Amino acid sequence: MADKKINIFDTTLRDGEQVPGCKLNSKEKIELALALEDLGVDIIEAGFPISSPGDFASVQQIAKVIKNSSVCALSRAVEKDIETAAEALKGAARPRIHTGIGTSDSHIKSKFNATREEILERAIQCVKWAKNFVDDVEFYAEDAGRTDNDYLARVVEAVISAGATVVNIPDTTGYCLPHQYGEKIAYLIKNVPNIDKAVISCHCHNDLGLATANSISGVLHGARQIECTINGLGERAGNTSLEEVVMILKQHHTLGYFTNIKTQKLNPISRLVSDTMRMPVQANKAIVGSNAFSHSSGIHQDGFLKDAQTYEIIAPEEVGADGSKIVLTARSGRSALAHRFQKLGHSFNRNEIDVLYSEFLKIADRKKEVEDADLQIMAKNFEVIPS
Ligand code: KIV
Ligand code: ZN
């Protein structure tokens with residue numbers, strides 16, 4: 001059972017905060033870190049301390065207040081970065097340094113003008129250096145999604161030997177297809193002799209809209225940590241969305257995977273992040289979008305009113321959403337109209353609903369959505385018609 005526990009590594013405060021316009025101050029970061037801990041995330045990536053004095057201070061303060069989740073700080077494979085991350089994490093109950101380097105040929109040549117052997121050596125050295133400060137060291141092989149699997153396996157084996165407790169396999173550019181990403185994880189599990197000494201982590205970007213699918217594929221092939229953000233925020237098209245992967249694993253519980261996330265807190269934290277980062281959530285976003293539990297077509301509304309499960313696979317209260325909504329539009333049917341009138345305190349028989357429905361359609365064709373106030377006027381006018 002324990003080997004099916006999936007650790008949730010939240011990077012809203014680091015990768016998520018890289019979104020233009022989403023910059024947070026220390027007070028906002030602490031408030032979000034406390035909410036993430038309350039949500040039940042296993043690891044909070046609090047920031048990139050070398051990047052600015054403000055980020056250093058935020059990581060330092062988060063490290064002091066967070067007690068149950070691990071607090072993680074990002075660094076490049078550079079001694080000074082690692083030392084600064086370690087300094088910011090001092091006092092953390094569970095500190096983790098996340099260090100690493102690009103391993104794809106594109107990164108090796110264009111970013112570092114180096115060879116594979118040189119990068120392998122730098123990878124080993126950065127993990128060894130980080131181990132001088134903390135026990136829990138996560139290594140990232142940036143652009144692993146486009147890294148040759150043989151070479152990636154050599155890097156992974158070497159960093160585990162150097163002491164990495166977690167190895168992150170980022171699909172940095174969101175390039176992989178789900179079966180390719182899954183096969184990459186399976187390849188590492190099969191070909192890295194010391195793989196049982198570390199946890200393999202998925203860190204998938206959403207450039208092709210595949211971040212969630214790729215992360216789940218990674219888990220199905222042996223990864224045991226998912227790196228994700230609230231509302232899927234992150235560089236470019238974003239990161240894997242925390243609420244999506246958590247609810248996929250919960251809905252498909254027969255697979256045996258589970259997380260520690262308190263799912264009733266998903267919608268409240270989504271709103272908190274959206275408000276704090278001034279980043280609206282798209283209405284049709286899975287789990288946390290305003291339309292995620294709205295039903296507007298007549299066929300769906302009729303089925304939903306007979307049995308909610310006909311069109312809802314998740315109960316809104318399970319994810320802390322306000323509740324299911326029947327939206328009255330020109331596509332709605334008589335049963336939804338009768339149901340809404342009933343809720344507003346008006347009982348009409350079939351014939352009466354037929355008459356009211358024609359009236360309703362005229363209003364609905366003029367307006368995008370028919371409001372309760374419109375129905376109250378209709379009911380009032382209807383009741384005063386002499387029979
Ligand atoms: O996308 C990426 O590769 C990253 C690493 C720094 C972990 O964010
Ligand atoms: Zn990333």
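Which residues are around ligand 1? In this predicted model, they are Arg 14, Asp 15, His 98, Tyr 140, Glu 142, Asn 168, Pro 170, Thr 172, His 203 and His 205.

## The shell around ligand 1

Let's sort those residues by class: two are nonpolar, five are polar and three are charged. Two strands deserve a look on your screen, since β5 (136–142) and β6 (166–171) each supply at least two residues of this shell.

Polar side-chain atoms meet oxygen atoms of the ligand in several places. Thr 172 places a polar side-chain atom 2.7 Å from an oxygen atom of ligand 1. For His 205, an N or O atom of the side chain is 3.0 Å from a ligand 1 oxygen, and for Asp 15 a polar side-chain atom lies 3.1 Å from an oxygen of ligand 1. How much of the accessible area of ligand 1 does the protein cover? Of the 260 Å² that ligand 1 has on its own, the protein covers 92%.

## The zinc site

Now turn to ligand 2, the zinc ion. Its protein donors are Asp 15, through OD, together with His 203 and His 205, each through NE2, and they lie 2.1 Å from the ion. Along the sequence, the spacing of these donor residues reads D-x187-H-x1-H.

Asp 15, His 203 and His 205 also belong to the residues around ligand 1, so it is handy to view both ligands together when you inspect these side chains.

Are the two histidine donors buried or exposed? His 203 has a relative accessible area of 5%, so it is buried. His 205 is buried too, because its relative accessible area is 4%.

## His 98 and its partner

Another histidine of the ligand 1 shell, His 98, sits in strand β4 (residues 95–102). It counts as buried because its relative accessible area is 1%. Which side chain does His 98 contact? The side chain of Glu 45 makes a polar contact with the His 98 side chain, at 2.7 Å.

## Aromatic pairs

How many aromatic pairs does the structure hold? There are four. In one of them, Phe 341 and Phe 348 have ring centres 5.0 Å apart, and their planes meet at 80°, so this pair is edge-to-face. Both Phe 341 and Phe 348 are buried. With Phe 382, these two residues form one aromatic cluster.

Tyr 357 and Phe 360 make a stacked pair, with 5.9 Å from centre to centre and 25° between the planes. Why are Tyr 357 and Phe 360 separated by about one helical turn? Because they are three residues apart in helix α13 (residues 350–366). Both ends of the pair are buried: Tyr 357 has a relative accessibility of 11%, while the value for Phe 360 is 0%.

## A residue in helix α9

For a last stop, find Glu 244 in helix α9 (residues 242–251). Is Glu 244 buried or exposed? Its relative accessibility is 18%, and the limit for buried is under 20%, so Glu 244 counts as buried.

Glu 244 can also be placed relative to Ile 6. These residues are 238 apart in sequence, yet their C-alpha atoms are 14 Å apart in space.

Definitions and conventions: Residues are numbered from 1 along each chain as its sequence is written. Chains are lettered from A and ligands numbered from 1 in the order in which they are written. This is a predicted model: local features need pLDDT of at least 70, side-chain atom pairs count only at pLDDT 80 or more; totals for chains, interfaces and linings use all residues. Side-chain values use heavy atoms; hydrogens and water are left out. Donors are N, O and S atoms within 2.8 Å of the metal (3.2 Å for Na, K and Ca); water is not among the atoms, so sites may look incomplete. Buried means under 20% relative accessible area, exposed over 50%, partly exposed in between (1.4 Å probe, protein chains only). A residue is near a molecule or strand if one of its heavy atoms lies within 4 Å of it. A polar contact is a pair of N or O atoms within 3.5 Å; within protein, one must be able to donate a hydrogen and the other to accept it, and residues adjacent in sequence count only if both atoms are side-chain atoms. Accessible areas come from the Shrake-Rupley method with a 1.4 Å probe; for residues, only the protein chains shown count as cover. Helices (H or I, at least four residues) and strands (E, at least two) are DSSP runs, numbered from the N terminus. Ala, Val, Leu, Ile, Met, Phe, Trp, Tyr, Cys and Pro count as nonpolar, Asp, Glu, Lys and Arg as charged, and the others, Gly among them, as polar. Rings of Phe, Tyr and Trp (its six-membered ring) pair if their centres lie within 6.5 Å; planes under 30 degrees apart count as stacked, over 60 as edge-to-face and the rest as tilted.
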